[in-house]
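Please open the structure in a viewer and keep the selection tool at hand. The tour proceeds from one selection to the next.

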Amino acid sequence: MPELPETETIARDLDAALRGATIDAGEIVRADVLRDTTPAALRRAIAGATIRGVHRRAKSIVIDCAPAAPDATIQHLVVTPRFTGALLLTAPRDDRYTCLRFALRDGRTLCYHDVRRLGTVAGHDMRRHAEWQGALGPEPLDPTFTVDALWGSLRGSRQAIKTVLMDQRRLAGVGNIYANEALFRAGLRPTRAARSLRRREADALLRSLREVLAASIALRGTTFRDFQDAYGARGGFAAHLAVYGRADAPCVTCGTVLRATHRLAGRQTVWCPTCQR
DNA sequence: AGGGGAACCCGTACGC
DNA sequence: TGCGTACGGGTTCCCC
């Protein structure tokens, strides 16, 4: 569930709270969430490490670390919460689902909590981190990302526009909720072939996408079911969703009953048959 | 190559 | 009530 606005919310809060902090020790409770590292290597890398900063890339939270051990190569912890994952600075409501626990030198605890455990925590050395970054597409909120770059990418695909928006290699950070919302705002039907878009439609799409992402970030993301921020609080954008989760309800613009299908890449897709062409 | 499908995981919803 | 089963959801990996 956490997409770009939700992981951005977590990353901003953690950067403010953790920049410069030192991790005393890490406890790995559920090793199956780990990627690209082992429990022993991760513990050694973070024992005594300083947190340089925290930022977001795609739908992941990246914690930049300066390890204390000279032979520790892990520089970045990449946390991808997927559906139920949470990075918490407060005590989790149910400790049964704590996967990782980091004790900070100042007495605080940062934990990775995940009920379904489809989320992951990767330990990256510089090489692996560059490889991971390189596999991801551009950030939609990056001002250097242009309409023509988006349009060029869309023109290469005969897939449905919604599927292409969610393809992390073409565009990073957009998931099911914001793909549905951006297409509604742009007046584009989700099933349209990506390469059928005119340039002015790609322009409307990029502007809609940026608007909806920025509006959601301003309200600290969408909590539809599971998303919680670093302090266990909910996001405020769910009340502003125009189509996602509103199948069979009236369109907010024209009142037409919203249509839904599950057949587009196996995910809930909702649109207004009148407003979206 | 690019697209399709399974696997990952477990709470929730639903059927019997 | 209690048990069993189907389902969902993004990403990765495998296969065609």
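The stops below cover the two DNA strands, a pocket, a cavity, a helix and two buried residues.

**Before starting**

This is a predicted model, in which local features need pLDDT of at least 70 and side-chain atom pairs count only at pLDDT 80 or more, while totals for chains, interfaces and linings use all residues. Residues are numbered from 1 along each chain as its sequence is written, chains are lettered from A and ligands numbered from 1 in the order in which they are written, and side-chain values use heavy atoms, with hydrogens and water left out.

**Stop 1: DNA strand B**

Select DNA strand B and the residues near it (one heavy atom within 4 Å of the strand). The selection should contain Asp32, Tyr97, Val115, Arg116, Arg117, Leu118, Gln159 and Arg225. By class, three of these residues are nonpolar, one is polar and four are charged. Here Ala, Val, Leu, Ile, Met, Phe, Trp, Tyr, Cys and Pro count as nonpolar, Asp, Glu, Lys and Arg as charged, and the others, Gly among them, as polar.

Which parts of DNA strand B lie within 4 Å of the protein? Sugar or phosphate supplies 80% of those atoms, and bases supply the rest. Now display the side chains that have an N or O atom by a phosphate oxygen of the strand. For tyrosine 97 the distance is 2.9 Å, for glutamine 159 it is 3.4 Å, and for aspartate 32 it is 3.5 Å.

**Stop 2: DNA strand C**

Move to DNA strand C, around which lie Lys59, Arg82, Phe83, Arg116, Leu118, Gln168, Asn176, His262 and Arg267. Of the strand's atoms that come within 4 Å of the protein, 61% are sugar and phosphate. The surface near this strand has two nonpolar, three polar and four charged residues.

Three side chains merit individual display. Arginine 267 places an N or O atom 2.3 Å from a phosphate oxygen of DNA strand C. Arginine 116 has a side-chain N or O atom 2.7 Å from a base nitrogen of DNA strand C. Lysine 59 has a polar side-chain atom 3.1 Å from a sugar or linking oxygen of DNA strand C.

**Stop 3: the second largest pocket**

Select Thr84, Leu88, Pro92, Arg93, Asp94, Tyr97, His113, Val115, Asp226 and Gln228, which line the second largest pocket. A pocket is an open set of points on a 1 Å grid over the protein atoms alone, with protein on both sides within 12 Å along at least five of seven lines; lining residues have an atom within 4 Å of a point. The space in this pocket is about 150 Å³. Its lining comprises four nonpolar, three polar and three charged residues.

**Stop 4: the largest cavity**

A cavity is a set of grid points where a 1.4 Å probe fits but cannot get out. One cavity of 30 Å³ or more is counted, and the largest cavity has a volume of about 30 Å³. To find it, select Leu150, Ser153, Leu154, Val164, Leu165, Arg170 and Leu171. Helices α4 (147-155) and α5 (161-165) each supply at least two lining residues, and α4 gives the most, with three. The lining has five nonpolar, one polar and one charged residues.

**Stop 5: helix α6**

Select residues 176-186, helix α6, where 10 of the 11 residues are buried. Helices are DSSP runs (H or I, at least four residues) and strands likewise (E, at least two); buried means under 20% relative accessible area with a 1.4 Å probe, protein chains only. The buried residues of α6 pack against α1 (4-18), α5, α7 and β11 (269-271). Just after α6, glycine 187 takes a positive phi of about 70 degrees.

**Stop 6: threonine 222**

Threonine 222 lies in the loop between α7 (199-218) and β10 (259-261). Is this residue buried or exposed? Threonine 222 is buried, because its relative accessible area is 1%. Its side chain makes a polar contact (N or O atoms within 3.5 Å, one able to donate a hydrogen and the other to accept it) of 2.7 Å with that of tyrosine 178. Beyond four places in sequence, its contacts (heavy atoms within 4.5 Å) include Glu6, Ile177, Phe227 and Leu241.

**Stop 7: valine 78**

Finish in strand β5 (residues 76-80), which holds valine 78. Valine 78 counts as buried because its relative accessibility is 2%. Among the residues that valine 78 touches, beyond four places in sequence, are Ile61, Val121, His129 and Trp132.

Terms used:
Grid points are joined across faces, edges and corners, and a volume is the space filled by probe spheres set on the points. Buried means under 20% relative accessible area, exposed over 50%, partly exposed in between (1.4 Å probe, protein chains only).
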